[in-house]
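Notebook open, structure loaded. I want to go through the fold and then a handful of residues, jotting things down as I look them up.

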Amino acid sequence: MPPVIPSRLKVGVDVPWVTSWSQERQGGVGPCPTVDGQMAALQLWKPGVGKPLYSRNHLRRQRDTVRALLCPMCGEATPDGDRWSQTGAFVAAGGLRARGFGKALPADLADDRVLLDCGAIAPLHFRCAQASLQRCPHLSALPNRELKAFPPAWTIVPLYVEARRPVGGTTFGAVSFLQLLGITQDRDPDWRSRLPPV
Ligand SMILES: [Zn+2]
């Protein structure tokens with residue numbers, strides 16, 4: 001086997017901290033502290049080894065970023081007031097419920113409450129968001145490049161994959177990525193009119 005040469009690219013500077021590398025094989029499930037010991041999809045941890053796979057987030061690091069609000073660019077904690085979303089979209093809680101997210105949302109959250117759906121991408125430091133806009137061709141091509149302030153309250157929705165027990169072959173759910181929803185103070189009384197036509 002050829003020797004694996006560490007990349008010259010620097011993790012957290014040239015390549016986002018959350019990005020997978022080619023030597024980080026995915027495989028298996030096991031209890032993971034990122035989800036309080038629940039079963040989760042696992043992946044080797046060798047950031048900076050091989051080639052960066054920009055379109056693929058590392059499973060464990062992705063969960064770390066959402067769970068602990070670590071900046072996906074540099075991997076450091078984001079303080080209150082310095083959390084910015086580039087790709088998040090505003091959506092009413094009722095709109096998410098209509099798409100089948102009902103069980104994952106707090107039951108007392110009114111349908112007209114506006115959420116900032118960040119998907120799997122935790123908010124970044126302002127300086128890191130600016131730097132990644134300049135470096136990432138995908139981000140710089142976005143039609144809406146305005147940074148959105150991440151609200152002070154949020155909820156986390158686990159996304160599951162189906163795993164199979166080696167003995168017996170029965171299946172169970174294992175957490176893959178975590179989805180992050182910021183809870184704003186805004187209301188959208190017309191949220192029903194924004195539902196896709198049935
Ligand atoms: Zn950062």
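**Entry 1: Thr184 and its strand**

I started with Thr184, which sits in strand S10, residues 171–187. This is a predicted model, so I keep that in mind for everything below. Is Thr184 buried or exposed? Neither, quite: I get 19 C-beta neighbours inside 10 Å, so Thr184 is classed as partly exposed. The cut-off for buried is 20 or more.

Next I listed what Thr184 touches, skipping residues up to four places away in sequence: Val114, Leu115, Leu116 and Pro151. I also checked a C-alpha distance, and Thr184 to Ala153 comes out at 7.2 Å, with the two positions 31 residues apart along the chain.

**Entry 2: strand pairing**

The contacts of Thr184 with Val114, Leu115 and Leu116 sent me to strand S7, residues 113–117. S7 and S10 run antiparallel and are joined by 4 bridges. Leu115 has Ile183 as its bridge partner in S10.

I then looked at the pairing of S7 with S6. S6 and S7 are antiparallel too, with 4 bridges joining them. Which residue of S7 is the bridge partner of Val91? I find Leu115 there. So I note Leu115 down twice: it is bridged to Val91 and to Ile183 of S10.

**Entry 3: helix H2 and Gly94**

Helix H2 covers residues 93–101, and its buried residues are Ala93, Gly94, Gly95 and Leu96. What do they pack against? I see strand S6 (89–92) and strand S7 (113–117).

I picked Gly94 of H2 for a closer look. Gly94 has 20 C-beta neighbours inside 10 Å, which is why it counts as buried. Leaving out residues up to four places away in sequence, Gly94 touches Asp111, Asp112, Trp191 and Arg192. The C-alpha atoms of Gly94 and Ala110 are 7.5 Å apart, and the two residues are 16 apart along the chain.

**Entry 4: the nonpolar core**

Which residues have the most contacts inside the largest nonpolar core? I wrote down Cys71, Met73, Cys118, Ala122, Leu124, Cys128 and Leu180; the core has 30 residues. At least two core residues come from each of S3, H1, H2, S7, helix H3 (126–135) and S10. S10 gives the largest share of this core, 6 residues.

I followed up on Cys71. Not counting residues up to four places away in sequence, Cys71 touches Glu76, Thr78, Leu124, His125 and Cys128. Leu124 and Cys128 are also on my list of core residues with the most contacts.

**Entry 5: positive phi away from glycine**

I went looking for backbone oddities and noted two. Asp36 is not a glycine, yet its phi is positive, about 55°. Asp36 belongs to the loop between strand S2 (26–32) and strand S3 (38–43). I count 9 C-beta neighbours inside 10 Å for Asp36, so it is exposed.

Leu69, also a residue other than glycine, has a positive phi near 45°. I place Leu69 in the loop between helix H1 (59–68) and strand S5 (84–85). Leu69 has 17 C-beta neighbours inside 10 Å and therefore counts as partly exposed.

**Entry 6: the whole chain**

Zooming out, I count 4 helices and 10 strands in the protein chain. Along the sequence the pattern reads β-β-β-β-α-β-β-α-β-α-α-β-β-β. The radius of gyration is 18 Å, close to the 16 Å the globule rule gives for 198 residues, so the chain is as compact as a globular protein of that length. Along the principal axes, the C-alpha atoms fill a box of roughly 60 × 50 × 30 Å.

Of the 198 residues, 28% are buried. I also checked contacts between residues at least 6 apart in sequence: 69% of them join residues at least 24 apart.

**Entry 7: confidence**

I finished with pLDDT. The chain averages 92, and 97% of the residues score at least 70. Where is confidence lowest? It is lowest in helix H4, residues 137–140, at a mean of 72, and highest in H1, at 98. Where pLDDT is low, the predicted coordinates should not be read in detail.

Note on methods
Residues numbered from 1 in each chain as written. Predicted model: local features only at pLDDT ≥ 70, side-chain atom pairs only at ≥ 80, totals over all residues. Buried ≥ 20, exposed ≤ 12 C-beta atoms within 10 Å, placed from the backbone. Contact = placed C-beta atoms within 7 Å. Pairing = 2+ DSSP bridges. Core = buried A, V, L, I, M, F, W, Y, C linked by C-beta atoms within 7 Å. pLDDT = per-residue confidence, 0-100. Rg over C-alpha atoms; globule rule 2.2 N^0.38 Å.
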